[in-house]
Amino acid sequence: QVLLVESGGGLVQAGGSLRLSCAASGRSFSTYTMGWFRQAPGKEHEFVAGIRWNDASISYTDAVMGRFAISRDNTKQMVNLQMNNVKPEDTAIYYCAAARWAPSTSNYNYWGQGTQVTVSS
(Lines give C-alpha, C1' and ligand atoms only; values in the text may rest on other atoms or scores of the structure.)
Protein backbone atom coordinates (compact mmCIF):
# COMPACT_ATOMS: atom_id res chain seq x y z
CA GLN A 1 0.00 0.00 0.00
CA VAL A 2 1.12 3.55 -0.68
CA LEU A 3 -0.03 6.88 0.73
CA LEU A 4 0.16 9.93 -1.50
CA VAL A 5 0.34 13.59 -0.45
CA GLU A 6 0.30 16.38 -3.01
CA SER A 7 1.73 19.86 -2.56
CA GLY A 8 2.60 22.92 -4.60
CA GLY A 9 -0.81 24.07 -5.73
CA GLY A 10 -1.87 27.68 -5.61
CA LEU A 11 -2.81 30.74 -7.61
CA VAL A 12 -0.77 31.61 -10.71
CA GLN A 13 -1.26 34.01 -13.59
CA ALA A 14 -1.79 32.76 -17.09
CA GLY A 15 1.54 32.17 -18.77
CA GLY A 16 3.26 31.46 -15.48
CA SER A 17 4.64 28.26 -14.00
CA LEU A 18 3.86 26.01 -11.08
CA ARG A 19 5.44 22.82 -9.79
CA LEU A 20 3.34 20.16 -8.13
CA SER A 21 4.90 17.48 -6.00
CA CYS A 22 3.60 14.18 -4.71
CA ALA A 23 5.30 12.45 -1.80
CA ALA A 24 4.70 8.73 -1.45
CA SER A 25 5.05 6.75 1.73
CA GLY A 26 5.29 3.00 1.83
CA ARG A 27 7.58 0.44 0.30
CA SER A 28 8.70 -0.27 -3.21
CA PHE A 29 7.92 3.13 -4.74
CA SER A 30 9.97 2.21 -7.79
CA THR A 31 7.44 -0.51 -8.66
CA TYR A 32 4.55 1.95 -8.98
CA THR A 33 3.41 3.59 -12.16
CA MET A 34 2.61 7.18 -11.18
CA GLY A 35 0.20 9.65 -12.66
CA TRP A 36 -1.45 13.04 -12.35
CA PHE A 37 -5.13 13.67 -12.92
CA ARG A 38 -7.25 16.76 -12.59
CA GLN A 39 -10.88 17.68 -12.14
CA ALA A 40 -12.27 21.08 -12.92
CA PRO A 41 -15.63 22.29 -11.59
CA GLY A 42 -18.44 20.70 -13.53
CA LYS A 43 -16.09 18.50 -15.55
CA GLU A 44 -15.04 14.89 -15.46
CA HIS A 45 -11.90 13.50 -13.92
CA GLU A 46 -9.17 13.85 -16.54
CA PHE A 47 -5.83 12.12 -17.05
CA VAL A 48 -2.99 14.66 -17.28
CA ALA A 49 0.30 12.73 -17.30
CA GLY A 50 1.76 9.39 -16.32
CA ILE A 51 5.16 7.75 -15.93
CA ARG A 52 5.63 3.98 -15.91
CA TRP A 53 7.47 2.13 -13.22
CA ASN A 54 9.61 -0.14 -15.37
CA ASP A 55 10.94 2.01 -18.19
CA ALA A 56 9.90 5.53 -17.15
CA SER A 57 7.87 5.79 -20.32
CA ILE A 58 5.79 8.97 -20.20
CA SER A 59 2.41 9.93 -21.59
CA TYR A 60 0.44 13.18 -21.59
CA THR A 61 -3.00 14.28 -22.52
CA ASP A 62 -2.94 16.42 -25.65
CA ALA A 63 -4.08 19.53 -23.78
CA VAL A 64 -0.83 19.75 -21.78
CA MET A 65 1.65 18.33 -24.29
CA GLY A 66 4.66 20.62 -24.58
CA ARG A 67 3.70 22.63 -21.49
CA PHE A 68 3.73 20.13 -18.62
CA ALA A 69 6.47 17.69 -17.64
CA ILE A 70 6.18 14.74 -15.29
CA SER A 71 9.22 13.32 -13.52
CA ARG A 72 9.96 10.92 -10.71
CA ASP A 73 12.68 10.50 -8.13
CA ASN A 74 12.63 6.95 -6.81
CA THR A 75 15.24 7.72 -4.16
CA LYS A 76 13.07 10.47 -2.65
CA GLN A 77 9.82 8.62 -3.46
CA MET A 78 8.39 11.62 -5.22
CA VAL A 79 6.74 12.43 -8.51
CA ASN A 80 6.55 15.98 -9.81
CA LEU A 81 4.52 17.83 -12.39
CA GLN A 82 6.17 20.93 -13.82
CA MET A 83 3.47 23.15 -15.28
CA ASN A 84 4.66 25.87 -17.68
CA ASN A 85 2.74 28.41 -19.72
CA VAL A 86 -0.38 27.64 -17.73
CA LYS A 87 -3.80 28.62 -19.02
CA PRO A 88 -7.08 29.43 -17.25
CA GLU A 89 -8.43 26.09 -18.47
CA ASP A 90 -5.75 24.35 -16.38
CA THR A 91 -7.65 25.44 -13.27
CA ALA A 92 -8.61 22.29 -11.39
CA ILE A 93 -7.90 20.10 -8.41
CA TYR A 94 -4.86 18.02 -9.27
CA TYR A 95 -4.54 14.49 -7.93
CA CYS A 96 -1.56 12.21 -7.69
CA ALA A 97 -2.21 8.54 -8.42
CA ALA A 98 -0.31 5.25 -8.21
CA ALA A 99 -0.67 1.68 -9.40
CA ARG A 100 1.82 -1.07 -8.60
CA TRP A 101 3.44 -2.84 -11.52
CA ALA A 102 0.96 -1.20 -13.87
CA PRO A 103 1.94 -1.84 -17.50
CA SER A 104 0.21 1.33 -18.67
CA THR A 105 -0.45 4.81 -17.37
CA SER A 106 -4.21 4.44 -17.72
CA ASN A 107 -5.45 2.79 -14.51
CA TYR A 108 -4.69 3.57 -10.87
CA ASN A 109 -5.88 2.32 -7.51
CA TYR A 110 -4.23 4.72 -5.04
CA TRP A 111 -5.06 8.42 -4.90
CA GLY A 112 -3.97 11.49 -3.03
CA GLN A 113 -6.30 14.11 -1.57
CA GLY A 114 -5.61 16.65 -4.29
CA THR A 115 -4.17 20.14 -4.51
CA GLN A 116 -5.97 23.15 -5.99
CA VAL A 117 -4.47 24.97 -8.95
CA THR A 118 -6.08 28.23 -10.00
CA VAL A 119 -4.93 30.12 -13.09
CA SER A 120 -6.02 33.71 -13.40
CA SER A 121 -6.38 35.39 -16.77
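**Aromatic close-ups**

**View 1. Meet W111, a partly exposed ring.** With a relative accessibility of 36%, W111 counts as partly exposed. Keep in mind that this is a predicted model. Y108 is a ring partner of W111, and the two sit edge-to-face, with 6.3 Å from centre to centre and 65° between the planes. What about Y108: buried or exposed? Y108 counts as buried, because its relative accessibility is 12% and the cut-off for buried is under 20%.

**View 2. F37 and W111 pair up across the sequence.** The structure has five aromatic pairs in total. One of them joins F37 and W111 edge-to-face, with centres 4.9 Å apart and planes at 65°. Which strands do these two rings come from? F37 belongs to strand β4 (residues 32–39) and W111 to strand β10 (residues 110–111), so this pair ties together parts that lie 74 residues apart in sequence. F37 is buried, at 8% relative accessible area, while W111 is partly exposed at 36%.

**View 3. Four rings form one cluster.** Which residues make up the aromatic cluster? F37, F47, Y108 and W111 form it together. You've already met F37 and W111 as an edge-to-face pair, and Y108 and W111 as another edge-to-face pair.

**View 4. R100 sits over a ring.** Here the partner of the ring is an arginine: R100 lies over the face of W101. How far is R100 from the ring centre of W101? The distance is 4.2 Å.

Technical notes:
Residues are numbered from 1 along each chain as its sequence is written. This is a predicted model: local features need pLDDT of at least 70, side-chain atom pairs count only at pLDDT 80 or more; totals for chains, interfaces and linings use all residues. Side-chain values use heavy atoms; hydrogens and water are left out. Rings of Phe, Tyr and Trp (its six-membered ring) pair if their centres lie within 6.5 Å; planes under 30 degrees apart count as stacked, over 60 as edge-to-face and the rest as tilted. Helices (H or I, at least four residues) and strands (E, at least two) are DSSP runs, numbered from the N terminus. Buried means under 20% relative accessible area, exposed over 50%, partly exposed in between (1.4 Å probe, protein chains only). A charge sits over a ring if NZ of Lys or CZ of Arg is within 6 Å of the ring centre and within 35 degrees of the ring normal.
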